[in-house]
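The following paragraphs lead the reader through a molecular structure. Please examine the sequence and the model before reading on.

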Amino acid sequence: MFGIVIRRLLSAIPVVLIVATVVFLLLRMAPGDPARVIAGDMASEEAVAEIRRDMGLDRSLPAQYLLSMTALVKGDLGHSIISKDPVTKMIGQRLGPTLSLATAALLLTVFIAVPLGVLSAWWHKRAIDRVIMASAVLAFSIPAFVVGYLLILVFSVQLNWLPVQGYAPLADGLGRYLYHLVLPAITLSLIFVALITRITRASMLDTLGEDFIRTARAKGVPERYVLGRHALRNAAVPIVTIIGVAITTLISGVVVTETIFNIPGVGRLIVDAVLARDYPVVQGTILFFSFIYVFVNLAIDLIYVWLDPRIRY
Amino acid sequence: MTPARSSRVGTAVSAVARDPVMLTALILLLLLIVVSVGAPWLAAHDPASLTPRMRLKPSTAEYWLGTDSLGRDLFARVLYGGRLSITLALLVSAISVLLGMAIGLVAGYFRRLDAVIMRLMDGIMAIPGLLLAIAMVALGGANIVTMVTAISIPEIPRIARLVRSVVLSVREEPYVEASVGMGTPTWKVIVRHILPSTINPLVVQATFVCAAAILTEAVLGFLGLGFPPEIPSLGSIIAEGRPFFQRAPWIVLYPGLFLALLILAVNMFGDALRDRLDVRQSRKTKG
C-alpha cells in the first residue's frame, strides 16, 4: 500500500505541471490586455506600461512561463497587487469556511444521495423510483443561487429559524457554527445529491443484475445485507469516481454559495479579486483549486484500492 | 423533400409524440424559446426604460412580473435575459461541439498525437470551468467573444473525450479496416465511416452543453461579472435584486424560475434524447 501511495504521488507531479501550464496559457491567450484592464479605462499609457512591467507582462512569453513555474515549484502563487500579501497566505486565511462548507455539503450528499439511490434501484420502475428520479432531474436543474434565495426566504425571512447570511467559526461554539452552516450546506449539496442519487441508482441496477447477487439471495442472505454488503460495495467504484469528477462542480458551487451567504471563504476571495482586478490572486486561486481537484482524484485512486482489492496500479 | 426524408421526419414526430417526457420537455422548451425570441413583440415595455415612481412594485396588470429597483419592467427584462441565454447557449454548444469533435477525431484516429492531446484535455478538465470562465471574462472584458470562448473551453475536453472513445471503438470495425485496406484516403475514412457514429452521442452531449452554458452565463451575471448592466441577463437581474430581496423577492424569484425552467427543459430533453439515441450511455444511467 505504501508503495502505491508513493507511486501515485509521483505520478501527480506531471499532472500538476500540465495543469499549471494550461492555466498559464489560457490566461495569457485570453483576449484583452490584463494590464489595461487592471489600470482601468481612464489610465494613461505610462500607467499601463508600469503595471505591465510590475507584473512581468513586458517579458517574452517563455520568460514569463519559466518565471511563474520556478515560483510555483517553490510553493509561491504570487502576490496580491492590492494588499501585497502572498496569495498562499490569503488562501490560508480563508480556507476554514470553505473547507467547512465543502465537507458539510459532501457529508449531506453521501448520507442523502446514496440511500436514495439504493432505494430507487431497489424499487426500480415503481412509483418511489419515478418520484426520486423526477426530483433528481428537477434538483439538478435549479441553479444554486435560486435554491439559496428560496431557502433564505422560507427559513430565514418567513420562519425566522436560521440566519439570513454570514458565517461563524468553530471557535464560536459548535452550535453557532452549525446554525450558520445549515442553509449554505443544503444549497451547495442539492445539485450533488441529484447527481450522486442518479449515479448510485444506475450503478446499483448494474450490480443487482449480477450472478453473485442472485446467489446471495438464493442462499438466504437477508436483503439488507444483499443491498448493503454485496451490491453497494461493488457499486461504489463508479459512485466514488463521479464524486471525484464532480469536485469541479463542488468548487464552482462553493464560489456561488459563498457569495449568496456572504461567507468569507476562498470562493469569495476569487470573486472579490476579480472585481478588484487583482489578477495574481485570481490566477493563484484558480491554480489552488485545480491542485485540489488533482489531489482529491489522487486520493480517490487510493480509495479504489481499498474498495476493490482487484484494482492495482 | 424526398419521400424517404419525409417518412423519417414522420417517424421522429411519432416517436416524440409517444414519449411523454420528451413531449413535455419539447413543449416547455419551445414555449420558452418562443417567448424569449418574441420578447420585442410580447413585452409591452422597453427592458431598459426607467420609471422611478414605479420602482419595486409587485405584479400588476401593466407590469406582469412587477418592477425592479429602478422601476424597469421585470417581464421584459426576464424575456430579454432568456433571449441572451438561449443565443449564448447555441453559440457555445456549436463552437464546443465543433472544436471538441475535431480534437476527438484527431486524438482517436492518430495514435501518435493521442497522448499529448489527451493530457492537455485532462489539464483543462482539472480546472474548475466556472473559475476559468471568471478569470477569462475578467481579463478579456464581458463581450460576446470572450464570453463564448470562456464558457466553451471547459466543455471542449468532455466532447473530445466522448468523440475519441467512439472513434477508438469504431476504427477497429471490419468496415473501417476494409475501407482503409482498399486505400481510401484518411479524410474520407474519417468523414464517411467514423464521423456518422459520433453524431448521436454528440447531439445528446450538445443539449447538456446548452444547459451548462445557460447556467454558467447566469452565474457569471449573478457574480457581477457578466455583460454590462444595460444588457439584461437572467443572472444579473437576480444580482441586482439581491439588496432588495426581503422587500421585493420577486426580482430574484421570477428570473430564477425562468432560468430553472429553461435548464430543466433542456436537461429533460437531453435525457429523453439520450434514452432514444445513445444506447451505450443510456445503459449506464437507466435500467
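A residue is termed buried if 20 or more other C-beta atoms lie within 10 Å of its own. By this criterion, helix H12 of chain B is mostly covered, with 22 of its 28 residues buried. The model under discussion is a predicted one.

The length of H12(B) can be checked against its residue count. The helix comprises residues 250-277 of chain B, and because each residue should contribute 1.5 Å, its 28 residues should span 40 Å; the end C-alpha atoms are 39 Å apart, in agreement with that expectation.

Chain B as a whole contains 13 helices and 0 strands. Of its 287 residues, 47% are buried. Among the contacts in chain B with a separation of 6 or more, 67% join residues 24 or more positions apart.

In chain A, one pair of helices may be considered in detail. Two packed helices are described by the angle between their axes and the distance between the axes. The axes of helix H5 (residues 87-122) and helix H8 (residues 174-208) of chain A come within 6 Å and cross at roughly 35°. The crossing of H5(A) with H8(A) is right-handed. Their contact has 21 nonpolar, 7 polar and 1 charged residues.

Helix H8 of chain A also takes part in the interface between the chains, where 45 residues of chain A are in contact with 45 residues of chain B. Elements that each supply at least two residues to the chain A side include H8, helix H1 (2-29) and helix H13 (279-307). By class, that side of chain A divides into 34 nonpolar, 9 polar and 2 charged residues.

Conventions: Residues numbered from 1 in each chain as written. Chains lettered and ligands numbered in written order. Predicted model: local features only at pLDDT ≥ 70, side-chain atom pairs only at ≥ 80, totals over all residues. Helix = DSSP H or I, 4+ residues; strand = E, 2+ residues; numbered from the N terminus. Expected span 1.5 Å × (residues − 1). Buried ≥ 20, exposed ≤ 12 C-beta atoms within 10 Å, placed from the backbone. Contact = placed C-beta atoms within 7 Å. Axes fitted to C-alpha atoms, helices over the stretch in contact; angles between N-to-C directions. Left-handed = near helix turned anticlockwise from the far one by under 90°. Nonpolar A, V, L, I, M, F, W, Y, C, P; charged D, E, K, R; others polar.
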